[in-house]
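Colleague: Could you walk me through reading a ligand site and a surface patch? I'd like the general idea before the particulars.

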Amino acid sequence: MAQHNLAWMPTLSYDTQAVLVTDKVRFQGQEVAAVIAEDPYIAKDALELIEVDYEPLEAIVTPQRALEENAPVIRTDKDGVTDNHIYHWESGDKDATDKAFAQAEVVVALDTFYPRCHPAPLETCGCVADINPATGQATIYMTSQAPHAIRTVFALVAGLPEEKIRIVSPDIGGGFGNKVPVYPGYVVATAASLLLGRPVKWIEDRTENLISTGFARDFHMHGELALRKDGTMLALRTSLLADEGAFHADAQPTKFKVGLFHIVSGSYDFPAVHVSADGAYTNKAPGGVAYRCSFRVTEASYLIERLVQNAAYELGMDPAELRKKNFIEKAQFPYESATGFVYDSGDYHGAMDLALEKIGYEELRKEQAEARAQGKLYGVGLASFTEVVGAGPHKDYDILGLKMNDGAELRIHPTGKAILKISCQTQGQGHETTFAQIVAEELGIQPEDIKVMHGDTDNTPYGLGTYASRSTPTSGAATAMVARRVREKARKLAAHLLEVSEEDIEFAKDRFFVKGAPDRAKTIQEVAFAAYTNFPDGMEPGLEGVYYYDPPNLTFPFGTYAVAVEVDPDTGEWKVRRVVAVDDCGVRINPMIVEGQIHGGLAEGFGIAAMQLITFDESGNCIGSNFMDYLLPTAWETPRFELGETVTPSPHHPIGAKGVGESATVGSPAAYVNAVIDALAHLGIRNIDMPVTSAKVWEAIQEAGR
Ligand code: CDP
């Protein structure tokens, strides 16, 4: 690879990553050599023939060790790098926060670890790279959540002309953030196809996916809340240490080193907040991908919701009351947070009240007291999350300098059927359905008459891809805007057909009509036909448009999740009795799809809280490299979910929608863990790190009893 200047590749965080190892192996599972063969069995046999003579080096498996003075330097490949520290980043006002802490009557602290977990899409990563030696055309069928951005990176790295690169990312299975980064397999397959003049396929097996592709989380977090005795929150201080693995390869917006973690003040009206973050290299696979979350908001939401519950115990207040006392009020929106976000809209009391009512909160508290009297352990956990999705406005949001804007292109055929091409890439979220609904709502064409295309750089407008619940806030908004643009031209055509001036034309549902004379009307289909058959002199024929949307702000979905559990005091086993999830994602385009997204997120949140863990032994061997060790919840363990909704439209999104794909993974882990802690709180237990296994719960009970 070195001969072709491809030994190293840039990452999406301005770092470099080895494509195939040149100097030293930096984590177990790193790609060392590649074999290209006619079939996978020959390739596997050939791999067995390669002997690598490894000289053992000390493995660094924690960021704490990585930052010790005598720790061996992992990135010896980088000029001028003398330690394993990648970045230090701060947000908020340190002085104001320190002052508020000095005046606090109560300070509550929590140290917690959000462990390394893996998005583990059932369909692993892979590609077929096909470079045609005659034409120089590179067609790469690839599992990418961001095909346009990846094409640009390929063009810049390989020096190929961008128009000769076509990335096709069709139905790629689940993504969950795992399919955002560029992996060595893609690059090796492309280089091999270039050398051989034949298509070359690379596909991972399960273990390869689990041990060497993008992990998530791995955040060691410390949080402190400053309060008055009456429960008024005065300030929030957090510091965190991120384990980034051997290469800093996640995709965060350039300006924000730990993504959008500074949303950590969550749903509360804090006068002062300070966040400080450090990242370190370790001998692990690169991590930090946004596993069904908007750039680290999951970790932030977990920290604040766990802290608030612990604060309630210290103050002797009910956790729901403490939250309500400090929620940002409905009238305060748009609300500027202490770390600089402008929350668009919200009604936190409304969502909380509905969740409490649905779960029967007061009744549950009574049951809990009775159960305790009988030696049983019942708990109720709440989480009132605020998500931040739809990155984003060009001023603050870019990845590798590419502004995070998205496009949509709409073409209406003469018979009034349409084709919509969107910049995002769908992985089962149902964009074909919901984006067609957006056009249908704006233009009156039936959804079944609208074909939605995505995931092909030759045939869709530019955009930064689908992750971080950004499709609806960005490409969805572009879709509404392009439909409106087309409608304006259609209005002119209708005026021509109805022989009135444009100002006299109104539109409703699927037709244009003359003001005051609704019977004088033309359907959108009639107007579309006229665009190709009967348009006025001087008008450009055809009916189509393209729109690139630069969001004025992000969108801030929110909700309250309530979980009731029962813990077995003898074994530590915990069972979920109820899960109530009230979500507010603004206007819901398709309620059934939204509910499906929430169900999936609640199941993944449960898996993270209860069982999913990638860990490492002292030598850096990954434990959790198959589905026997890395546990995903099946239908057997997954609890039943009861959903509720409130609707607070986003004031700036063209149809008032906010993203929703990740809300439940973001909000629910804290609710599950808070429920278990709530069952044990009277024993003085305040934290059990995820995954909250029976063994850990049992141990905590034993220690508390000592
Ligand atoms: O970026 P991603 O598609 O993963 O997340 P999303 O924008 O939150 O959308 C997930 C799915 O839910 C899409 O089909 C959306 O169009 C749909 N959705 C909806 O119907 N109403 C909303 N307010 C938000 C999303």
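Modeller: Sure. For the site, start with the residue classes: Ala, Val, Leu, Ile, Met, Phe, Trp, Tyr, Cys and Pro count as nonpolar, Asp, Glu, Lys and Arg as charged, and the others, Gly among them, as polar. Keep in mind that this is a predicted model.

Colleague: How many residues of the shell around the ligand are nonpolar, polar and charged?

Modeller: The split is 9 nonpolar, 12 polar and 3 charged. That makes up the 24 residues surrounding the ligand, with His431, Ser471, Thr472, Val587 and Val660 the closest.

Colleague: And which backbone atoms lie a few ångströms from the ligand's N and O atoms?

Modeller: For polar contacts, look for N or O pairs within 3.5 Å. Here, a backbone N or O atom of Val660 sits 2.6 Å from a ligand oxygen, and one of Gly661 is 2.8 Å from a ligand oxygen. Ile589 has a polar backbone atom 3.1 Å from a ligand nitrogen.

Colleague: How much of the ligand's accessible area does the protein cover?

Modeller: On its own the ligand has 520 Å², and the protein covers 98% of that. As for elements, α11 (431–443), α12 (471–498) and α14 (591–610) each give two or more residues to the shell.

Colleague: Now the surface. Which residues form the nonpolar patch?

Modeller: Leu47, Ile50, Val52 and Tyr54, with about 350 Å² of accessible area together. Val52 is in the loop between α1 (40–48) and α2 (63–66).

Colleague: Why does Val52 count as partly exposed?

Modeller: The class runs between 20% and 50% relative accessible area. Val52 has 38% relative accessibility, so it counts as partly exposed.

Notes
Residues are numbered from 1 along each chain as its sequence is written. This is a predicted model: local features need pLDDT of at least 70, side-chain atom pairs count only at pLDDT 80 or more; totals for chains, interfaces and linings use all residues. Side-chain values use heavy atoms; hydrogens and water are left out. Patches are made of residues with over 30% relative accessible area and no salt bridge: like charges are joined within 9 Å, nonpolar side chains (Val, Leu, Ile, Met, Phe, Trp, Tyr) within 5 Å. Accessible areas come from the Shrake-Rupley method with a 1.4 Å probe; for residues, only the protein chains shown count as cover. A salt bridge is a side-chain nitrogen of Lys or Arg within 4 Å of a carboxyl oxygen of Asp or Glu. Helices (H or I, at least four residues) and strands (E, at least two) are DSSP runs, numbered from the N terminus. Buried means under 20% relative accessible area, exposed over 50%, partly exposed in between (1.4 Å probe, protein chains only). A residue is near a molecule or strand if one of its heavy atoms lies within 4 Å of it. A polar contact is a pair of N or O atoms within 3.5 Å; within protein, one must be able to donate a hydrogen and the other to accept it, and residues adjacent in sequence count only if both atoms are side-chain atoms.
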